[in-house]
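Let's take a friendly walk through a few spots in the backbone and one side chain. Please have the viewer open as you read.

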Amino acid sequence: MDSGEVVTNGGGARKGGIQCWGHRGASAHLPENTLASYRAAILEGAEGIESDVHATTDGIVVMFHDPTLDRTTDGKGAIKEQAWVGNIEHVRTKKEPVQPIPTFQELIELIMEIDCKIQNDPETLFPQMAKIISSYPDYTTTLTPRLILGLWHPLFLAPAAQHLPTCRRYHIGISFPLARKFFWDTCDGFSIAFPMLMSADGQKFMEDCKREGKEVCAWTVNSREEMVWCARWGIKAIITDRVAVCVNARKEWEQDSTKLEPPLLKKLIFPWSSWKYYSVPQMMLLRWVEDNLQRNAYAPGPLKEAVLPPAAGGKD
């Protein structure tokens, strides 16, 4: 996870209730961030798909999570240092069924939150995305309302507002102080790691978001128990690798709301059931994430507040 993310409305609009978004598609059983994974998530009932974007040296925006190709494909090296034509276009996934890396163009043709990775130059990434999006008729009414730009780093806020002003913006992260300081006035919602929402700060943050009309999503939620907690909180969407599990669990609790109320003992024990919910590891993770944002972004250095015009969601 780095700087940006795209969520698209893949499975169609849903009136009321929590939504299920496929994390990199249906990535529990298919190669992540591939057209096969996206299609499967839609068929399994996802209302949205979370995916990630990087830009190649020849200006092609590709759907891929890591800054390098090594972990999930037969390719090697950093995406931002390689061309699409003659190189990345031939890369294939290690996981079966073997798949090529899709482009943003192919994603839009399929149609989804877009995770804009912090290693990219936003002045390269967003103009290329804007060029593709604006090539569609009536894109401001038919396409961009279905897209959410997910931003980890405040460096990406102003370019996103400039080049993609009609796309909604979410902050992706784990730090509530960073979310409040750099993104509260410029984003429509927040995509937060589930364990952080279990904390007292997380509960307060969700209350503040609800009061101010900000949307909240939780990632990456793969257990039924965590899905139930998300539903009890009344957040916007669950981002999950296991779309079918999420959709089926939602059907159960919508048919019988008592399934959202676990037995008292289980309810009391759950917040202590994983080390991920404990304050010490969370504090260590917070330090690592802030350090990563400052060291590994396209423009390393201290985080700075973005200046956006009021029309783009900035401060008056």
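What follows is a short tour of a predicted model, going from backbone geometry to the surroundings of one residue.

A good place to begin is with what is usual: most peptide bonds are trans, and most residues other than glycine have a negative phi. With that in mind, look at the bond between Glu96 and Pro97, which is cis, with an omega of about -10 degrees. Pro97 sits in the loop that runs between β4 (61–63) and α2 (104–110).

Next come two residues, neither of them glycine, with a positive phi. For Asn33, phi is near 50 degrees, and the residue belongs to the loop between β2 (19–23) and α1 (35–43). For Asp138, phi is near 55 degrees, and its loop lies between α3 (122–133) and α4 (139–142). Are these two residues buried or exposed? Asn33 has a relative accessible area of 2%, so it counts as buried, the cut-off being under 20%. Asp138 has 56%, and because exposed means over 50%, it counts as exposed.

Now turn to Asn120, in the loop between β5 (114–116) and α3. Asn120 is buried, at 2% relative accessibility. Which partners does its side chain have? One is the side chain of His54, joined to that of Asn120 by a polar contact of 3.1 Å. Another is the backbone oxygen of Lys117, which the Asn120 side chain reaches at 3.1 Å. Beyond its neighbours within four places in sequence, Asn120 is in contact with Val53, His54, Ala55, Leu125, Phe156 and Tyr298.

Note on methods: Residues are numbered from 1 along each chain as its sequence is written. This is a predicted model: local features need pLDDT of at least 70, side-chain atom pairs count only at pLDDT 80 or more; totals for chains, interfaces and linings use all residues. Side-chain values use heavy atoms; hydrogens and water are left out. Helices (H or I, at least four residues) and strands (E, at least two) are DSSP runs, numbered from the N terminus. Buried means under 20% relative accessible area, exposed over 50%, partly exposed in between (1.4 Å probe, protein chains only). A polar contact is a pair of N or O atoms within 3.5 Å; within protein, one must be able to donate a hydrogen and the other to accept it, and residues adjacent in sequence count only if both atoms are side-chain atoms. Contact means heavy atoms within 4.5 Å.
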